[in-house]
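Dear colleague,

I am passing on the structure below, together with some notes on how its side chains pack and pair. Please look through it at your convenience before reading on.

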Amino acid sequence: MAGTAHPSYAALCERIAELADLSAIGGLLFWDRSTMMPAGGSDTRAHACAALERVSHQKRTHPEVGRLLAELEPWAAELDPDCDEARTVRVVRRDFEKARRVPEDLAADIARADSLGEDAWMKARSANDFNLFRDALSHHLDLRHRYVACFDDFEHPYDVLLDDFEQDLRLSELRPLFSELQAALVPLVASAASAGTARRNVLAGTFPAGDQRAAVLEVVKQLGFDDEHWRLDPSAHPFAVAQGPQDVRVTTMYDESDLSVSLYSVLHEFGHGLYEAGVAPAYSRTALGGLVSLGLHESQSRMWENVIGRSRPFSGWLLSVLQKRFPEQLGAVDADTFFRGVNDVEPSLIRIFADETTYNLHVLLRTDLESRLFEGQLTVDELPAAFDDGMHSLLGVEVPDAAHGVLQDIHWGAGLIGYFPTYTLGNLMAAQFFAQAERDLPGLQEDLARGDVGRIRQWLRENIHAHGRKYSSRELLRRVTGEELRVDPLIGYLRDKLTAATLLPAG
Ligand code: ZN
């Protein structure tokens with residue numbers, strides 16, 4: 001039931017709409033910085049980002065927001081707790097309480113450091129020299145400690161950082177979940193890696209970037225990308241950003257010797273974009289239109305990249321599309337070989353290129369390192385060696401240098417500490433959501449074999465995307481699947497797929 005209008009509710013919504021607009025401007029600055037901006041623009045851009053953050057922070061924490069909330073809360077308490085108005089008041093209260101604890105100067109310092117840190121990381125990675133990045137990382141950690149000190153209601157300091165990416169997630173919950181996952185994955189990777197014979201990358205060859213772009217566009221246009229509302233541009237690190245449901249921008253990178261890089265990263269970013277495009281139009285520029293949780297977002301990208309994208313039925317369709325575009329390179333590949341090739345398990349150095357099975361081990365390592373770094377159990381100077389040791393013990397891989405090790409990801413450069421675990425949460429949720437979709441949509445595999453994603457896209461929109469930020473990721477998982485976050489569905493799904501691909505011994 002929609003609540004009866006309260007005169008102050010419209011005033012609150014107006015303030016929130018303005019904040020949503022500022023956040024859209026921030027998204028545009030980020031998109032431009034990563035696709036168009038000449039490298040020399042970074043100093044000016046850092047100031048622009050800090051100024052934008054300062055204005056947003058003033059608006060988020062304006063005393064009038066507090067006054068309106070205090071006035072609206074008794075009214076909202078009488079409404080159906082699940083109606084949009086009641087949810088909006090709760091979400092705005094939560095954001096307000098978080099934001100007003102952080103002094104404006106600190107918020108602006110963090111925004112500037114994030115921008116400059118990314119720059120330092122980029123230089124360090126191209127020079128392959130961790131020393132060029134260590135001061136920026138120390139500075140990020142100092143600022144995060146100052147940030148955490150603004151709060152008092154937490155179990156572990158790292159929980160404050162986690163909460164910015166995944167609401168209410170705690171380290172005490174994450175650690176047992178991740179140890180259970182590690183205990184299941186390590187032997188699975190070992191038996192799959194030892195079962196492999198004559199492995200080769202079926203998508204290796206010569207693929208000109210222009211042809212790759214045409215091919216991946218052909219694929220995603222079949223899935224729901226349209227020129228009226230979407231863009232695809234090249235960037236050093238693929239990402240997706242939306243200016244509301246009508247303007248969705250995804251990026252990718254092209255490796256001319258390996259089609260899999262652009263293909264699967266575009267499927268991944270398409271999943272993020274589809275989520276943004278599917279949020280109920282009525283939630284545009286409202287408190288319920290924003291980002292609910294990175295884990296939930298990642299469940300959507302990983303579903304399109306892997307759960308759908310690397311499934312046997314969809315792989316068959318995908319191969320048929322690619323063969324038309326690349327007859328010389330792919331004409332001789334059969335569907336079973338393709339399916340097997342794109343699911344092959346091989347411990348490797350780079351997280352974003354890791355196969356689906358080993359991928360989470362990369363995330364578990366980073367989560368462990370950054371939480372220890374933050375706790376002070378590990379120093380910044382010890383980080384590169386700890387990273388290399390972790391790669392060796394978890395994946396059996398030797399790291400040759402910093403660029404292929406500790407410096408490979410942008411996150412620590414951009415100050416994103418507490419972000420990595422959401423990738424694995426996304427993988428866990430994707431397996432749980434997809435299992436439910438299969439129960440709800442008989443014949444789904446046959447659809448996918450024809451490249452027909454109409455029903456699954458609709459299912460995702462109705463059950464997940466449309467709700468925007470109305471429900472937390474936990475609530476949504478419970479509503480859709482009746483379950484809490486679990487390790488078993490992901491492990492069961494991987495085991496079944498690897499067995500079907502003859503990458504695991506049957507039985
Ligand atoms: Zn993603």
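I will begin with charged side chains: R94, K98, D163, D164 and D168 are linked in a network of salt bridges, a salt bridge being a side-chain nitrogen of Lys or Arg within 4 Å of a carboxyl oxygen of Asp or Glu. The model is a predicted one, in which local features need pLDDT of at least 70 and side-chain atom pairs count only at pLDDT 80 or more, while totals for chains, interfaces and linings use all residues. Residues are numbered from 1 along each chain as its sequence is written, and side-chain values use heavy atoms, with hydrogens and water left out.

By this rule, the count of salt bridges comes to 47. As general background, side chains of opposite charge can pair when their charged atoms come close.

Three individual pairs may be worth a look. D32 and R45 form a salt bridge at 2.8 Å, N to O, and this pair links distant parts of the chain, with D32 in helix 1 (residues 7–35) and R45 in helix 2 (residues 42–60), 13 residues apart. Helices here are DSSP runs of H or I with at least four residues, numbered from the N terminus. D32 is partly exposed at 22% relative accessible area, whereas R45 counts as buried at 15%; buried means under 20% relative accessible area, exposed over 50%, and partly exposed in between, with a 1.4 Å probe and protein chains only.

K497 and E356 also form a salt bridge, their closest N and O atoms being 2.8 Å apart, and they too link distant parts of the chain, K497 lying in helix 21 (residues 488–500) and E356 in helix 15 (residues 356–375), 141 residues apart. K497 is buried, with a relative accessible area of 8%, and E356 is buried as well, at 11%.

In the third pair, the side chains of E64 and R67 meet in a salt bridge at 2.8 Å, N to O; being three residues apart in helix 3 (residues 63–77), they are separated by about one helical turn. E64 is partly exposed at 24% relative accessibility, and R67 is partly exposed at 42%.

Turning to the interior, the largest nonpolar core (buried Ala, Val, Leu, Ile, Met, Phe, Trp, Tyr and Cys residues joined through side-chain atoms within 4.5 Å) has 155 residues, of which F133, L203, F338, W412 and I456 touch the most other members. This core draws at least three residues from each of domain 1 (7–153) and domain 2 (171–500), the bounds coming from an automatic or database domain assignment.

With best regards

Conventions:
Helices (H or I, at least four residues) and strands (E, at least two) are DSSP runs, numbered from the N terminus.
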